[in-house]
Amino acid sequence: MTPDAVPGALSDALPDDLLNSATINAWVDRLARFDRDVPDTERIEQLRALERLKSAAAAAQARIAVDLDTSMRAGHAATGLPAQRQGRGVAAQVALARQESPYRGGRHLGLAKVLVAEMPHTLTALEQGAISEWRAGLLAQETIFLSKEYRQLVDAHLCADPSGLTGWGDRRLTAEIRKIAYRLDPAGYTRRRAKAESERRVTSRPAPDVMARVTALLPVAHGVAVHAALREAADTAIAAGDGRTRGQLMADTLVERVTGQATATGVPVEIHLIMTDRTLLGEGEGDGREQPALLAGYGPIPAGLARRLAVTGAETETAWLRRLYVIPESGRLVGMDSTRRVFPAGLARFIEIRDQYCTTPWCDAPIRHIDHALPHHQGGATSAENGNGTCAQCNYARQAPGWEIRPEPGPRHTLRITTPTGHGYRSTAPPPPGHPRSERRRPAQRATVARQWRAG
């Protein structure tokens, strides 16, 4: 089968009636039963066809997301909601439906609006499987500062005949978009660069193997200068006989210069560890003393590392250690209640450590707001049970009409989130160290997990 023959073959195999969610779900079920007893040539064709299907599905999602946004904005307008609040919460619903974070849901909705309203050739190429959703995103992102007229010129130039993009890598595509965009609007391109410089920042994210990834978004001159200075310091140390690798030296030098320490080991820090007493003291029998601890803002860390952090901090007087207590039978963290509307600092900190990340499903953003599940004006208590930690974006989205958040009984703190369309999602606080990772696992599954953990 040749690539040119695929569209006709597909169209012959499909019904003529319009698709709905039931039909699409049936397709998903059928994908698990594809023909595997085929020659390698057919396997390649299967991969190609599935990639086209992914792109076509992304285009369909874009149209559906725009239709949802239009419908809900009209509904908000009909209820008299101010224009600046119309559409609030739509991106969060899109994110929940796509099982991703609200940030990604917002990006998807923004991309969908651009493709539907301003980049018809790109959307058509996506529907036909000629480009991927990632490539469509690059085209939208790199033309964001252009007027609608100029953006459509780029759209037509590159995607009216998408076969011209065949074989291009992402860098080549990005470079071509930027070249055309600069030629169309050099002043806008310059303004965008100035805006980007104003958004310089430093972020930190967990990395595999108990590491952290600290990222600095800097103007290009500053970024190059920082890297060159660290490399020069590393080369100087290597020339003097230092046995560390260049990468290790650059990382250690960065820590030393940023924290002001003579070495990269005595860094002042307030450690929020959730751990059992056996983990902290290294006492007891069996696996209890090797249960991982939880480092707030990062995640699980090995028991030995948790003890080392605590001991090193105590010896050098550079760290504080907070202990949080749990109910042994359920693993529920113990908290305090308050009659105040605003969560006291101690209770707010407790909720932040208990929830670890934003309580919206699939959102792992840092907690920025501590709010009531059942609103205070509806009689919601300022308590650990009724409190939940969210990122700012999710908390604002939940202020839109039709959202409902309610605590539910459970072994750990559990919330039921209901969206304006009536779809429900459940959010449960992560289990603390020393307790089963999931009550849904059968005993045999838990035993298998325990054996795998002990085996390292």
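**Nonpolar core, surface patch and salt bridges**

V28 lies in helix α2. The model described here is predicted. V28 belongs to a nonpolar patch on the surface. The other members of this patch are L19, I24, W27, L31, L50 and L53. Together, the seven residues V28, L19, I24, W27, L31, L50 and L53 have about 580 Å² of accessible area. Two elements, α2 (21-31) and α3, each give two or more residues to the patch. Helix α2 gives the most, with 4 residues.

Helix α3 (40-78) also contributes two or more residues to the largest nonpolar core. This core holds 25 residues. Within the core, the residues that touch the most other members are L115, L126, I131, L139, L158, L165 and L173. Besides α3, the elements giving two or more residues are α5 (102-118), α6 (120-127), α7 (133-141), α8 (148-159) and α9 (170-184).

The surroundings of L126 were examined in detail. Residues up to four places away in sequence are not counted here. L126 touches two other well-connected core members, L115 and I131. Its contacts also include S55, A56, A58 and A59. S132, E133 and A136 complete the list for L126.

A second core is separate and comprises 10 residues. Among them are A373, A397, W403 and I417.

Charged pairs were then considered. Side chains of opposite charge can pair when their charged atoms come close. The whole structure contains 21 salt bridges. One of these links D252 to R244, with the closest N and O atoms 2.8 Å apart. Both partners count as partly exposed, because their relative accessible areas, 22% for D252 and 33% for R244, fall between the limits of 20% and 50%.

R354 forms a salt bridge with D355. The closest N and O atoms of R354 and D355 are 2.9 Å apart. Here, both residues are buried.

A further salt bridge joins R406 and E404, with a closest N and O separation of 3.8 Å. R406 is partly exposed, at 25% relative accessible area. E404 is likewise partly exposed, at 39% relative accessibility.

Salt bridges also connect more than two residues. D69, R73 and K113 are linked in a network.

Methods. Residues numbered from 1 in each chain as written. Predicted model: local features only at pLDDT ≥ 70, side-chain atom pairs only at ≥ 80, totals over all residues. Heavy atoms only, no water. Core = buried A, V, L, I, M, F, W, Y, C linked by side-chain atoms within 4.5 Å. Buried < 20%, exposed > 50% of the residue type's maximum accessible area, 1.4 Å probe, protein only. Contact = heavy atoms within 4.5 Å. Salt bridge = Lys/Arg side-chain N within 4 Å of Asp/Glu carboxyl O. Patch = residues over 30% accessible without salt bridge, like charges linked within 9 Å, V, L, I, M, F, W, Y side chains within 5 Å. Areas by Shrake-Rupley, 256 points an atom, 1.4 Å probe, with all protein chains shown as cover.
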